[in-house]
Amino acid sequence: MGSGIWGYASGSGHAPGTDLIGYEVEAADGSIGKVDRHTDDVSRSYLVVDTGPWIFGRKVVIPAGVVSRVDTEEKTVHLGCTRDQVKDSPDYEKNGRHEDEPAFVRLIETHYSGPHM
């Protein structure tokens, strides 16, 4: 599928073209929200997750490489990280940041490939 942090792992169960919008998103230690948007771009696949009331309606960008499993029957995306790791991720949509902005992409890469992961 993809490569590195921006690609789904071959054993994740993700099939390109699957509409993940509305899927529940589960970190290793509990729910974090629902998929608001996603992309299957070959060079940079990711989810935008609406965390709802959990962290005050904040949206977060989750690179596809963090996805451990996609369960299409249960409509759930499972992540290989904790809720705190998601909560500590760089702010999205704050101060005009956008998922295609190179500086924001680097922040996401650094966060999700750092030693705390």
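Reading from the N terminus, the elements of this chain come in the order β-β-β-β-β-β-α-α. The model is a predicted one. Here are some exercises to help you find your way around.

**Exercise 1. Work out how the strands line up in the sheet, and find which strands sit at its edges.**

Start with the inventory: the chain has six strands and two helices. Next, put the strands side by side. All six form an open sheet, ordered β4-β3-β2-β1-β6-β5, with mixed pairing. Now look at the two ends of that order: β4 (59-63) and β5 (67-71) each pair on one side only, which makes them the edge strands. Finally, follow the twist, which averages 35° from one strand to the next.

**Exercise 2. Find the partners of β6, and say for each whether the pairing is parallel or antiparallel.**

A bit of background first: strands in a sheet pair through backbone hydrogen bonds, in either a parallel or an antiparallel way.

Step one, take β5. It runs antiparallel to β6 (residues 76-79), and four bridges join the two. You can pick out facing residues here: valine 70 is opposite valine 77 of β6, and aspartate 71 is opposite threonine 76 of β6.

Step two, take β1 (residues 24-27). This strand pairs with β6 in the parallel sense, over three bridges. For one example, glutamate 26 has histidine 78 in β6 as its bridge partner.

**Exercise 3. Look at the loop between β5 and β6: what is notable about lysine 75?**

Begin with the place: lysine 75 is in the loop that links β5 and β6. These two strands make a hairpin with four residues between them. Then check the backbone angle: lysine 75 has a positive phi, near 50°, though it isn't a glycine. To see what is notable, recall that most residues other than glycine have a negative phi.

**Exercise 4. Decide whether histidine 14 is buried or exposed, then find its side-chain partner.**

Locate it first: histidine 14 belongs to the segment before β1. Its relative accessible area is 4%. The cut-off for buried is under 20%, so histidine 14 counts as buried. As for the partner, the side chain of histidine 14 makes a polar contact of 3.2 Å with that of aspartate 40.

**Exercise 5. Explore the largest nonpolar core: which elements supply it, and what does valine 86 touch?**

Step one, the members. This core has 29 residues, and those touching the most other members are Leu47, Ile62, Val77, Leu79, Val86 and Tyr112.

Step two, the suppliers. At least two core residues come from each of β1, β2 (30-39), β3 (46-50), β4, β5, β6 and α2 (102-112).

Step three, zoom in on valine 86. Leaving out residues up to four places away in sequence, valine 86 touches Ile32, Trp54, Arg58, Val60, Ile62, Leu79, Cys81 and Tyr112.

**Exercise 6. Give the numbers for the chain overall: how much is buried, and what is its accessible surface?**

Of the 117 residues, 43% are buried. The accessible surface is about 6,100 Å², with 48% of it belonging to carbon and sulfur atoms. For contacts, take those between residues at least 6 apart in sequence: 49% of them join residues at least 24 apart.

Key. Residues numbered from 1 in each chain as written. Predicted model: local features only at pLDDT ≥ 70, side-chain atom pairs only at ≥ 80, totals over all residues. Heavy atoms only, no water. Pairing = 2+ DSSP bridges. Axes fitted to C-alpha atoms, helices over the stretch in contact; angles between N-to-C directions. Buried < 20%, exposed > 50% of the residue type's maximum accessible area, 1.4 Å probe, protein only. Contact = heavy atoms within 4.5 Å. Areas by Shrake-Rupley, 256 points an atom, 1.4 Å probe, with all protein chains shown as cover. Polar contact = N/O pair within 3.5 Å; in protein donor to acceptor, adjacent residues only side chain to side chain. Core = buried A, V, L, I, M, F, W, Y, C linked by side-chain atoms within 4.5 Å.
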